[in-house]
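Student: I should like to go through this model by asking what justifies each term applied to it. May we have the structure in view first?

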Amino acid sequence: MAANAARTQLAAQVSATVKSVVDNYTSEYITGADSEFNQRTQEIARTVVNQLLVGTPVTCEGTMPGSTPGNTICFACVELTGKTVMDAIANQISNDEKLRTDFEYEKFKKVLEEERQKVLEKKRATLPLACPKCDGPNKRSDEVCVFCGTKLDKNIVYEKDLNDYLSYYTVAPS
């Protein structure tokens, strides 16, 4: 159940970023801001994201006692890199004869990088804490790791998602 919740949150995060990238690409590089190109590309992006999320493995999971006795909180973390998403979208667009004529991967990648910078600026202040023992991502409000119970250092952030194009992760309680 936690894995499904994590995948749902991840899909929302990825979809919002992809929509922004496609909108920016269309307005900047497509003559007359072709709404058909935009609409069809959004469709492809949704399909690609849904397909990728189905096979997304749970990278870590755990449980911790709930706030009331007898309750347990289950956590799951799923990850999906932005490069994987964008490569899959670019591949699908290049297979679409009508869209292929208006699509230039390098320009699309440039717009993605601009969007990535915006996202990273917002994310830096809210990055989760990294456990010094298991490297699991934890909420900034956590005092101990939800995965292994190790005391967290508030200065060590989980930067795994900053090392790739746009990695997305989410930790969702069930």
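Student: Leaving aside its neighbours within four places in sequence, which residues is V85 in contact with?

Tutor: The model is a predicted one. In it, V85 is in contact with V14, V18, V48, V49, L52 and L80, neighbours within four places in sequence being left aside. Each of these counts as a contact because heavy atoms lie within 4.5 Å.

Student: What makes V85 notable in the largest nonpolar core?

Tutor: That core has 27 residues, and V85 is one of the four that touch the most other members, along with V18, I89 and F108. Two or more residues each come from α1, α2, β2, α3 and α5, and α1 gives the largest share, 8 residues. Another core, of 7 residues, lies apart from it and includes F75, L129, V146 and L152. As a general matter, nonpolar side chains in soluble globular proteins tend to be buried together.

Student: Why is the pair of Y25 and F108 called edge-to-face?

Tutor: By the rule for rings, the count comes to 1 aromatic pair. The ring centres of Y25 and F108 are 5.3 Å apart, and their planes stand at 75°. Centres within 6.5 Å make a pair, and planes over 60 degrees apart make it edge-to-face; the pair of Y25 and F108 is therefore edge-to-face. Since Y25 lies in helix α1 and F108 in helix α5 (residues 105-124), the pair ties together parts that are 83 residues apart in sequence. Both Y25 and F108 are buried.

Student: How do you know that C131 and C148 do not form a disulfide?

Tutor: The sulfur of C131 has its closest cysteine sulfur in C148, at 3.4 Å. A disulfide requires sulfur atoms within 2.5 Å, so the distance from C131 to C148 is too far for a bond. The count of disulfides accordingly comes to 0.

Student: Is C131 called buried or partly exposed, and why?

Tutor: C131 has 3% relative accessibility and counts as buried, because the term applies under 20%. By contrast, C74 has a relative accessible area of 29%, so C74 is partly exposed.

Student: What makes the span of α2 agree with that of a helix of its number of residues?

Tutor: Helix α2 (residues 35-54) has 20 residues and reaches 29 Å from its first C-alpha to its last. The expected value at 1.5 Å a residue is 28 Å, and the span of α2 is close to that. Among the buried residues of α2 are F37, I44, V48 and L53. Their cover includes α1 (2-29), β2, α3 (82-95) and α4 (97-100).

Student: Why are β1 and β2 said to pair?

Tutor: Strand β1 (residues 58-65) and strand β2 (residues 72-80) share 7 bridges in the antiparallel sense. Pairing needs at least two bridges, so the criterion is met. V58 stands opposite V78 in β2. The hairpin has 6 residues between the strands, and G70 there takes a positive phi near 90°.

Student: What makes the phi of D135 worth remarking?

Tutor: The phi of D135 is near 65°, a positive value in a residue other than glycine. Most residues other than glycine have a negative phi. D135 is placed in the loop between β3 (129-130) and β4 (137-138). With a relative accessible area of 45%, D135 is partly exposed, because that term covers values between 20% and 50%.

Terms used. Residues are numbered from 1 along each chain as its sequence is written. This is a predicted model: local features need pLDDT of at least 70, side-chain atom pairs count only at pLDDT 80 or more; totals for chains, interfaces and linings use all residues. Side-chain values use heavy atoms; hydrogens and water are left out. Helices (H or I, at least four residues) and strands (E, at least two) are DSSP runs, numbered from the N terminus. The expected span of a helix is 1.5 Å times one less than its number of residues. Buried means under 20% relative accessible area, exposed over 50%, partly exposed in between (1.4 Å probe, protein chains only). Rings of Phe, Tyr and Trp (its six-membered ring) pair if their centres lie within 6.5 Å; planes under 30 degrees apart count as stacked, over 60 as edge-to-face and the rest as tilted. A nonpolar core is a set of buried Ala, Val, Leu, Ile, Met, Phe, Trp, Tyr and Cys residues joined through side-chain atoms within 4.5 Å.
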